[in-house]
Amino acid sequence: MREFMQYVRNAFYGATGWSEDNSYKDLNVTARELIDFPLPRGIRLSLSSLATPHFATSYQLCNVGVVDGSISYLHSSVPLAAVPAQSDKIPLGALMRSYRGLHQLGSRGGTPWSWETGPQIGTIPQVPAVADMGQVPNKDKSSLLYGRLYLPQSLLEAMVIKRFSPALQVQISAVSEQSLRNGGTMLSVVQYDRGKYGVEGLYSTDGGLLGLRGLYNFGGDASVAVMGSQNGTGSPESTEKERIYGRFSAGGEMYYGTLNKSGGMSLGARFATLPTHKGTPLTATLTINPLMGNINTTYAVLAKDFLAMATRMEFNAYSYESDWAVGLELWSNRRPAGFLLGAEPSLDLESDQPELPSKKERSFQAKMEWRLDDPEPEPEPVKIAEKPTEGKEEYLGVFKARLSSNLDLGLIWEGRAKSLIFSLGTGVDLQRLGEPFRSLGLEVQYSS
């Protein structure tokens with residue numbers, strides 16, 4: 001389950017029209033969230049609030065052996081008044097859904113835009129449309145400030161996001177703590193996204209790390225955009241026959257530590273279906289680290305609106321070691337007890353509905369005279385009152401599970417009870433059946 005501050009930060013990306021699809025670090029984010037979802041440990045309580053359209057706060061209290069907590073503040077130069085902030089109104093998919101589809105390259109939330117003029121309305125996966133960006137002044141110069149203080153260890157975390165143009169963004173993250181080298185570390189990332197491709201440069205004070213990564217898109221909507229710009233029309237009729245409802249992406253990263261004189265690199269590719277694809281949405285990735293000999297493949301599929309599954313296979317060409325993992329998430333409109341016991345879904349008709357007329361049994365007099373009863377007038381048809389629905393009913397919760405090659409099993413149930421959003425999970429080691437439970441936790445969030 002995502003934290004409230006991450007939800008607000010994603011809403012900021014949506015309001016400013018920034019998409020993370022073109023970031024190489026998020027190449028296999030779908031399979032990673034379906035398989036490597038965090039399990040709650042101990043008890044964690046969070047109280048959050050979007051106090052004003054520009055300012056949000058969050059307070060967290062944890063008990064994992066020792067009692068600790070944190071205080072968070074966030075300021076956005078873009079008003080986020082249209083973002084649902086109450087915990088009983090936040091769409092559960094914005095906090096819990098793991099499968100992440102791609103945007104069309106030429107749109108944000110279905111609205112055409114260009115890098116020269118900037119987005120008109122910005123949305124990101126799992127977060128509703130935020131605001132009409134045409135009414136926001138200096139939307140291309142937006143910024144976000146975030147700070148978090150962990151107590152009692154006095155660890156300070158900070159983040160600054162600054163937008164300089166529709167295609168250029170700078171993000172600076174810093175951590176201050178006595179146990180770290182030089183009392184803290186800082187990471188700076190410069191992101192340049194042109195839709196067709198995205199490039200990122202980074203520098204970290206931890207080891208003097210310098211890095212460069214990028215991602216290039218081709219096929220599908222990327223080819224349609226190029227063809228449309230070449231012929232000056234871009235009409236869908238001229239390209240519909242040659243269009244592929246999926247996008248191929250290829251990229252890589254290189255990094256070098258100036259202090260320890262070591263470096264590394266990786267290459268990756270991804271195929272993902274587009275929103276216009278009428279079949280089953282899927283995402284497949286392949287990443288290779290030639291220096292270490294690691295090969296990683298993932299495959300994620302949205303089998304149904306309520307069911308997503310993912311697999312991951314890792315292999316090392318030098319040591320011949322391999323690893324696999326599978327994960328799934330199953331959404332349900334039942335309560336946890338009904339989901340586990342197989343009760344009927346909550347959208348069934350109510351029991352107080354009038355019963356349909358049944359066939360009347362032959363009278364005793366007619367049986368004695370070996371005849372049928374006289375025909376009776378047909379009763380008026382009974383109309384069954386249908387339950388009014390406003391669109392599609394929201395799911396009440398999601399069940400997530402994962403299993404790896406070393407028989408580590410992770411189970412979690414996330415949902416909403418009244419105005420509280422909760423996450424209950426456990427980790428099980430199937431190799432130690434005598435003491436199988438490795439962790440057990442409950443996380444509860446409330447926001448206003």
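**Exercise 1. The surroundings of T57**

Determine which residues T57 is in contact with, leaving aside its neighbours within four places in sequence, and decide whether T57 is buried or exposed.

*Solution.* The model examined here is a predicted one. Step 1: locate the residue; T57 belongs to strand β2, which covers residues 55-64. Step 2: list the contacts beyond four places in sequence; these are M5, L47, S48, S49, S72 and Y73. Step 3: apply the cut-off for burial, which is under 20% relative accessible area. T57 has a relative accessibility of 10% and therefore counts as buried.

**Exercise 2. The nonpolar cores**

Identify the residues with the most contacts inside the largest nonpolar core, and state which element gives the most to this core.

*Solution.* Step 1: consider the core itself, which has 30 residues. Inside it, F4, Y7, L74, L95 and M96 have the most contacts. Step 2: find the elements that give two or more residues to this core; they are α1 (4-15), α3 (92-96), β6 (143-151) and β7 (155-165). Step 3: α1 gives the most, with eight residues. Step 4: examine one of the core residues, L74. Apart from neighbours within four places in sequence, L74 is in contact with M5, V8, H54, F55, A56, L144, L145 and Y146. Step 5: note that there is a second, separate core of nine residues, among them L34, L302, A308 and A310.

**Exercise 3. The loop residue S142**

State where S142 is placed, and decide whether S142 is buried or exposed.

*Solution.* Step 1: S142 is found in the loop between β5 (111-112) and β6. Step 2: the relative accessible area of S142 is 1%, so this residue is buried. Step 3: with neighbours within four places in sequence left aside, the contacts of S142 are F12, T16, S77, V78, I161, K162 and R163.

**Exercise 4. R247 and its partners**

Decide whether R247 is buried or exposed, and find which backbone oxygen lies 2.3 Å from a polar atom of its side chain.

*Solution.* Step 1: R247 lies in strand β12, residues 246-257. Step 2: R247 counts as buried because its relative accessibility is 1%. Step 3: the backbone oxygen in question is that of H103. Step 4: compare positions along the chain and in space; R247 and D221 are 26 residues apart in the chain, and their C-alpha atoms are separated by 6.8 Å.

**Exercise 5. The strands around β18**

Describe how strand β18 is joined to β17 and to β19.

*Solution.* Step 1: β17 (residues 322-332) and β18 (residues 397-404) run antiparallel and are joined by eight bridges. Across this pairing, V398 in β18 stands opposite W331. Step 2: β18 and β19 (residues 408-417) also run antiparallel, joined by seven bridges. Here F399 stands opposite W413 in β19. Step 3: three residues separate β18 from β19 in a hairpin, and L407 in the turn has a positive phi of about 60°.

**Exercise 6. The cavities**

Establish how many cavities of 30 Å³ or more are found, and which element gives the most to the lining of the largest one.

*Solution.* Step 1: a search of the whole structure gives four such cavities. Step 2: the largest has a volume of about 110 Å³. Step 3: this cavity is lined by 17 residues, of which D26, L27, V29, T30 and R270 are the closest to its centre. Step 4: at least two lining residues each come from α2 (29-35), β13 (262-273), β14 (282-289) and β15 (294-304). Step 5: α2 gives the most to this lining, with three residues.

Note on methods. Residues are numbered from 1 along each chain as its sequence is written. This is a predicted model: local features need pLDDT of at least 70, side-chain atom pairs count only at pLDDT 80 or more; totals for chains, interfaces and linings use all residues. Side-chain values use heavy atoms; hydrogens and water are left out. A nonpolar core is a set of buried Ala, Val, Leu, Ile, Met, Phe, Trp, Tyr and Cys residues joined through side-chain atoms within 4.5 Å. Buried means under 20% relative accessible area, exposed over 50%, partly exposed in between (1.4 Å probe, protein chains only). Helices (H or I, at least four residues) and strands (E, at least two) are DSSP runs, numbered from the N terminus. Contact means heavy atoms within 4.5 Å. Two strands pair if DSSP finds at least two bridges between them. A polar contact is a pair of N or O atoms within 3.5 Å; within protein, one must be able to donate a hydrogen and the other to accept it, and residues adjacent in sequence count only if both atoms are side-chain atoms. On a 1 Å grid over the protein atoms alone, a cavity is a set of points where a 1.4 Å probe fits but cannot get out, and a pocket is an open set with protein on both sides within 12 Å along at least five of seven lines; lining residues have an atom within 4 Å of a point. Grid points are joined across faces, edges and corners, and a volume is the space filled by probe spheres set on the points.
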